[in-house]
Amino acid sequence: MKKFDIKLGSDPEIFVENDKEIVSAEGLIPGTKYEPHPISDEGHCIQLDNIAMEFNIPACSTKEEYVSNINFVKDHLAIIAEANGLKLSTKASAEINPKYLQTEQACTFGCEPDFNAYLEDVNPSPNSETNLRCVGAHVHVGYPNPNDEHSLQIVKMFDIMVTLPALLIDKDERRRELYGKAGAFRFKDFGVECRQLSNFWIHSNELIEWVFEQTVQAVTIVLEGNAKSLIDEFSNDVVNAINNNDKEFAKTTIEKINKKLNKLTTV
């Protein structure tokens, strides 16, 4: 494979909890979606998102940087949580006690719509009347000379290389009732934001590295011009497996994709 100048960022969200339940992070940290609060000079920021903590990291060129930057902010937030008798949660979705959902902040879902790469249309807004809350960890992809065609292909290859196999790793069963269906994305000046994943992967260095490596491989396949045949052949099955959380169908689809990928990499 050729080597391209690919950089990855992320904006993970994370719940805080006590010994009994997930609680609201309102009042624990500064920062908003529109004015993130910097905690370093390198681009690490924190802010509140609905009832969860959210953070941003600088763009990373290596998996080591990715691990280090994510853990840097997680450690910062863990100290804040502990000082308030709480801890960071590993849950990606939960039914929240109504007493934590009485504020305008707790009823605010996102700041702008995201899109479906397959339908090339706006995704419907989540149901704000439910007590279900969820957290994600979107992957921001920067690549040379970004354009809409490549960005749409990257989102679909991300589903093939990351979202689909993540079904077999992520234990969460409910986040896609609100967010993260196949093809969820936003265009960015630097490239594209892939919005499919929950935050399951930020709790393990090995999984952070896996997301980095799989994403870089997906982007490289696009930039080499080899993505279209994979997307045309597998997208329908990939979308069905992801949106229906069908793990058995995901396994058989992954086996077929891997056979095709082996042929690609040996040409």
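**Exercise 1. Find which residues Asp49 is in contact with, leaving aside its neighbours within four places in sequence.**

Solution. Leaving those neighbours aside, Asp49 is in contact (heavy atoms within 4.5 Å) with Glu13, Lys33, Glu54 and Gln105. The structure is a predicted model, in which local features need pLDDT of at least 70 and side-chain atom pairs count only at pLDDT 80 or more, while totals for chains, interfaces and linings use all residues. Residues are numbered from 1 along each chain as its sequence is written, and side-chain values use heavy atoms, with hydrogens and water left out.

Next, place the residue: Asp49 is found in strand E6, where helices (H or I, at least four residues) and strands (E, at least two) are DSSP runs numbered from the N terminus. Asp49 has a relative accessible area of 13% and is therefore buried, since buried means under 20% relative accessible area, exposed over 50%, and partly exposed in between (1.4 Å probe, protein chains only). Finally, the C-alpha atoms of Asp49 and Thr108 are separated by 8.2 Å, although these residues are 59 places apart along the chain.

**Exercise 2. Describe the salt bridge that Lys33 forms with Asp49, and say which parts of the chain it ties together.**

Solution. A salt bridge is a side-chain nitrogen of Lys or Arg within 4 Å of a carboxyl oxygen of Asp or Glu. In general, side chains of opposite charge can pair when their charged atoms come close. For Lys33 and Asp49, the closest N and O atoms are 3.5 Å apart. Lys33 lies in the loop between strand E4 (22-23) and strand E5 (37-38), and Asp49 lies in strand E6 (residues 45-49), so the pair ties together parts that are 16 residues apart in sequence. As for exposure, Lys33 counts as partly exposed at 30% relative accessibility, whereas Asp49 is buried.

**Exercise 3. State how many salt bridges a search of the whole structure finds, and examine some that link distant parts of the chain.**

Solution. The search finds 12 salt bridges. Take the pair of Glu17 and Lys91, whose side chains meet at 3.3 Å, N to O. Glu17 is in strand E3 (residues 16-17) and Lys91 is in the loop between strand E8 (87-88) and strand E9 (93-95), so that this pair links parts 74 residues apart. Glu17 counts as buried at 10% relative accessibility, while Lys91, at 41%, counts as partly exposed.

Then take Arg174 and Glu95, which form a salt bridge with their closest N and O atoms 2.9 Å apart. Here Arg174 is in the loop between helix H2 (148-166) and strand E14 (184-188), Glu95 is in strand E9, and the two are 79 residues apart. Both ends are partly exposed, Arg174 at 31% and Glu95 at 47%. In addition, Asp114, Lys188, Glu193 and Arg195 are linked in a network of salt bridges.

**Exercise 4. Determine how many disulfides a search of the whole structure finds, and consider the cysteines Cys60 and Cys194.**

Solution. A disulfide is a pair of cysteine sulfur atoms within 2.5 Å, and the search of the whole structure finds 0 of them. Cys60 is in no disulfide, and the nearest cysteine sulfur, that of Cys45, is 13 Å away. The sulfur of Cys194 is too far for a bond, because the closest cysteine sulfur, in Cys60, is 15 Å from it. With regard to exposure, Cys60 is buried, with a relative accessible area of 0%, and Cys194 is buried as well, at 1%.

**Exercise 5. Name the residues that touch the most other members of the largest nonpolar core, and follow the contacts of Tyr66.**

Solution. A nonpolar core is a set of buried Ala, Val, Leu, Ile, Met, Phe, Trp, Tyr and Cys residues joined through side-chain atoms within 4.5 Å. The largest such core has 80 residues, of which Met53, Tyr66, Leu77, Met157 and Trp201 touch the most other members. Leaving aside neighbours within four places in sequence, Tyr66 is in contact with residues including Ile57, Cys60, Val139, Trp201 and Phe212.

**Exercise 6. Describe how H2 and H3 cross, and which residues meet.**

Solution. The axes of H2 and helix H3 (residues 205-223) come within 9 Å and cross at roughly 140°; axes are lines fitted to C-alpha atoms, for helices over the stretch in contact, and angles run from 0 to 180 degrees between N-to-C directions. Among the residues that meet are His150, Met157 and Phe158 in H2 and Trp210, Gln214 and Val222 in H3.

How values were computed:
A crossing is left-handed if the near helix is turned anticlockwise from the far one by less than a right angle, and right-handed if clockwise.
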